Amino acid sequence: MTASAPDFDTAYFRSALGRFATGVTLVTSTGQDGRPIGLTVSSFNSVSLDPPLVLWSLSTKASTLSQFEKAERYVIHVLGAQQLKLASRFASGPQAERFRDIPLGRAPNGTLMLDDPETSAWFECYNWARHAAGDHIIFIGQVERCHRSFTQPLVYHAGDFELTPSQEPLSNK
Ligand SMILES: Cc1cc2nc3c(=O)[nH]c(=O)nc-3n(C[C@H](O)[C@H](O)[C@H](O)COP(=O)(O)O)c2cc1C
């Protein structure tokens, strides 16, 4: 059996996908030339608890594609509501500009990451597997280290950033 041809155009498909509210992440690593690489990613999701696996997908047009494919590890930062500017900054423009004047650190296994207390959570991942899927590559990361805080999350919905509806403090669950 084969799939039937779509009866919608790409713009409508994108708009329909946009009805799914997501968090926003920033993925960082180091290129083979030793320079930092990073981008804003909303395709992050959980996959498996044991072993601990997560996924995200990267456009085949991304300038960093071959570098992320070869990277041993990367860090996925779940952004907090206060990091909206960071999310915009890491969605366009030259890679070198994105990291200008941004405090950086290293995750426990040495992977380049943001040094920002507003980050809601981060996952240091071993670059476990990659699968080609249409115009994106699905990256599956094995989480080696992670950390979470209780900052309000940044939310992306219908092609725009939104603040979380509740300003109540999050519980410690
Ligand atoms: C909210 C948001 C979510 C995004 N999610 C993804 C994603 O999941 N995968 C992806 O490849 N690009 C995603 N992008 C676009 C990339 O951030 C953007 O194409 C990338 O930074 C371009 O980098 P480059 O110029 O180095 O190729 C997203 C952009 C925004 C604003």
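A polar contact is a pair of N or O atoms within 3.5 Å. The model shown in these views is predicted.

**View 1. Polar contacts of the ligand with Arg 98, Ser 63 and Phe 90.**
The side chain of Arg 98 places an N or O atom 3.0 Å from an oxygen atom of the ligand. That distance falls within the 3.5 Å cut-off, so the pair counts as a polar contact. Ser 63 also uses its side chain: an N or O atom there is 2.5 Å from a ligand oxygen. Phe 90 takes part through its backbone, with an N or O atom 3.1 Å from an oxygen atom of the ligand. On its own, the ligand has 640 Å² of accessible area, and the protein covers 77% of it.

**View 2. The ligand in the largest pocket.**
The ligand takes up the space of the largest pocket. Three elements each give two or more residues to the shell around the ligand: strand 3 (36–41), strand 5 (53–59) and helix 4 (95–98).

**View 3. The shell of 17 residues around the ligand.**
Those that come nearest are Thr 40, Ser 43, Ser 57, Ser 59 and Ser 63. By type, the shell holds 8 nonpolar and 8 polar residues, plus 1 charged. Ser 63 has already appeared in View 1, where its side chain lies 2.5 Å from a ligand oxygen, counted from an N or O atom.

**View 4. An aromatic cluster built from Trp 56, Phe 68, Tyr 74 and Phe 139.**
These four residues form one cluster. Across the structure there are 10 aromatic pairs. The distance of the centres and the angle of the planes describe a pair of aromatic rings.

Conventions. Residues numbered from 1 in each chain as written. Predicted model: local features only at pLDDT ≥ 70, side-chain atom pairs only at ≥ 80, totals over all residues. Heavy atoms only, no water. Near = heavy atom within 4 Å. Polar contact = N/O pair within 3.5 Å; in protein donor to acceptor, adjacent residues only side chain to side chain. Areas by Shrake-Rupley, 256 points an atom, 1.4 Å probe, with all protein chains shown as cover. 1 Å grid on protein atoms, 1.4 Å probe; cavity = no way out; pocket = protein on both sides within 12 Å on 5 of 7 lines; lining within 4 Å. Sits in = over half its atoms within 2 Å of the grid points. Helix = DSSP H or I, 4+ residues; strand = E, 2+ residues; numbered from the N terminus. Nonpolar A, V, L, I, M, F, W, Y, C, P; charged D, E, K, R; others polar. Phe/Tyr/Trp six-rings, centres within 6.5 Å; stacked < 30°, edge-to-face > 60°.
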